[in-house]
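Please open the model in your viewer and keep a selection panel at hand. The tour below goes from the whole chain to single residues, and each stop says what to select and what is there.

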Amino acid sequence: MEIEGKIIAVIPPREGVSARTGTAWKTQDYVIETHDQYPRRCCFNVFGADKIQLFNIQVGEELRVSFDIDAHEYQGRWFNSIRAWKVERIDPNAVAQAPVQPAPFGQPAPMPQSQPAAPAASAPEAAPFPPQPESGSEDDLPF
């Protein structure tokens, strides 16, 4: 899977020694925020000192991150793991001028900006809610 966005947080690395094999390990977490209409944030990690150094991820960078998602159980609870295996830098100017992509399945498509809005007075039957009578109601809900 892939996600594109801006790195908004770099969490300090964690390291230790495997109890089973005795080898040293190192992992670091990062938070990326997408540039969608409703931005989403995702925390992913990079495992291994060599990959952490190779990727050299910094706050403010525009990245395309390829990752695997896996889940594991610990003491009756389940935890997700989002582990990056490839990181590509993106030109920040290309992000600002990117064309609108079709919406993924299950999400509403963005409204095109080139269509003028129809005047409300020309089609009263097309209004989303009928006009409400003037009453002493404190809320503005149409139902």
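Begin with the surface of the whole protein chain, which exposes about 11,600 Å², with carbon and sulfur atoms supplying 55% of that area; accessible areas come from the Shrake-Rupley method with a 1.4 Å probe, and for residues only the protein chains shown count as cover. This is a predicted model, in which local features need pLDDT of at least 70 and side-chain atom pairs count only at pLDDT 80 or more, while totals for chains, interfaces and linings use all residues. Residues are numbered from 1 along each chain as its sequence is written, and side-chain values use heavy atoms, with hydrogens and water left out.

**The chain as a whole**

Switch to a cartoon view, where the protein chain shows two helices and six strands, arranged along the sequence in the pattern β-β-β-β-α-β-β-α. These elements are DSSP runs numbered from the N terminus, with helices (H or I) of at least four residues and strands (E) of at least two. Colouring by relative accessible area will show that 20% of the 143 residues count as buried, where buried means under 20%, exposed over 50% and partly exposed in between (1.4 Å probe, protein chains only). If you compute a contact map with heavy atoms within 4.5 Å as the criterion, residues 24 or more positions apart account for 49% of the contacts with a separation of 6 or more.

**The nonpolar core**

Which residues have the most contacts inside the largest nonpolar core? Select Ile-32, Phe-44, Val-46, Ile-57 and Val-65, which hold that place in a core of 16 residues. A nonpolar core is here a set of buried Ala, Val, Leu, Ile, Met, Phe, Trp, Tyr and Cys residues joined through side-chain atoms within 4.5 Å. The elements that give two or more residues to this core are strands E1 (2–10), E3 (24–33), E4 (41–47), E5 (62–74) and E6 (77–89), together with helix H1 (49–55).

Now centre the view on Phe-44 and display its surroundings. Leaving aside neighbours within four places in sequence, Phe-44 is in contact with Ile-7, Gln-28, Asp-29, Tyr-30, Ile-32, Ile-57, Val-65, Ile-82 and Ala-84.

**Salt bridges**

The structure holds six salt bridges, each defined as a side-chain nitrogen of Lys or Arg within 4 Å of a carboxyl oxygen of Asp or Glu. Select Glu-4 and Arg-64, whose closest N and O atoms are 2.7 Å apart in one such bridge. Glu-4 lies in strand E1 and Arg-64 in strand E5, so this pair ties together parts that are 60 residues apart in sequence. Glu-4 is partly exposed at 39% relative accessibility, and Arg-64 is also partly exposed, at 23%.

Keep Arg-64 selected and add Glu-88, with which Arg-64 forms another salt bridge, the closest N and O atoms being 3.4 Å apart. Since Arg-64 lies in strand E5 and Glu-88 in strand E6, the pair ties together parts that are 24 residues apart in sequence; Glu-88 is partly exposed, with a relative accessible area of 27%. Adding Lys-86 completes the picture, as Glu-4, Arg-64, Lys-86 and Glu-88 are linked in a network of salt bridges.

Next, select Arg-41 and Glu-33, whose side chains meet in a salt bridge at 3.0 Å, N to O. Arg-41 is exposed at 60% relative accessibility, whereas Glu-33 is partly exposed at 22%.

**Positive phi in two loops**

Move to Asn-56 in the loop between H1 and E5, a partly exposed residue at 45% relative accessibility, with a positive phi of about 45° although it is not a glycine. Then select Gln-75 in the loop between E5 and E6, where phi is near 50°, a positive value in a residue other than glycine. Gln-75 is exposed, with a relative accessible area of 65%.

**The cysteines**

For the last stop, a search of the whole structure for disulfides (pairs of cysteine sulfur atoms within 2.5 Å) finds zero. Select Cys-42, which is in no disulfide, the nearest cysteine sulfur being that of Cys-43 at 7.1 Å. Is each of these two cysteines buried or partly exposed? Cys-42 counts as buried at 14% relative accessibility, whereas Cys-43 is partly exposed at 44%.
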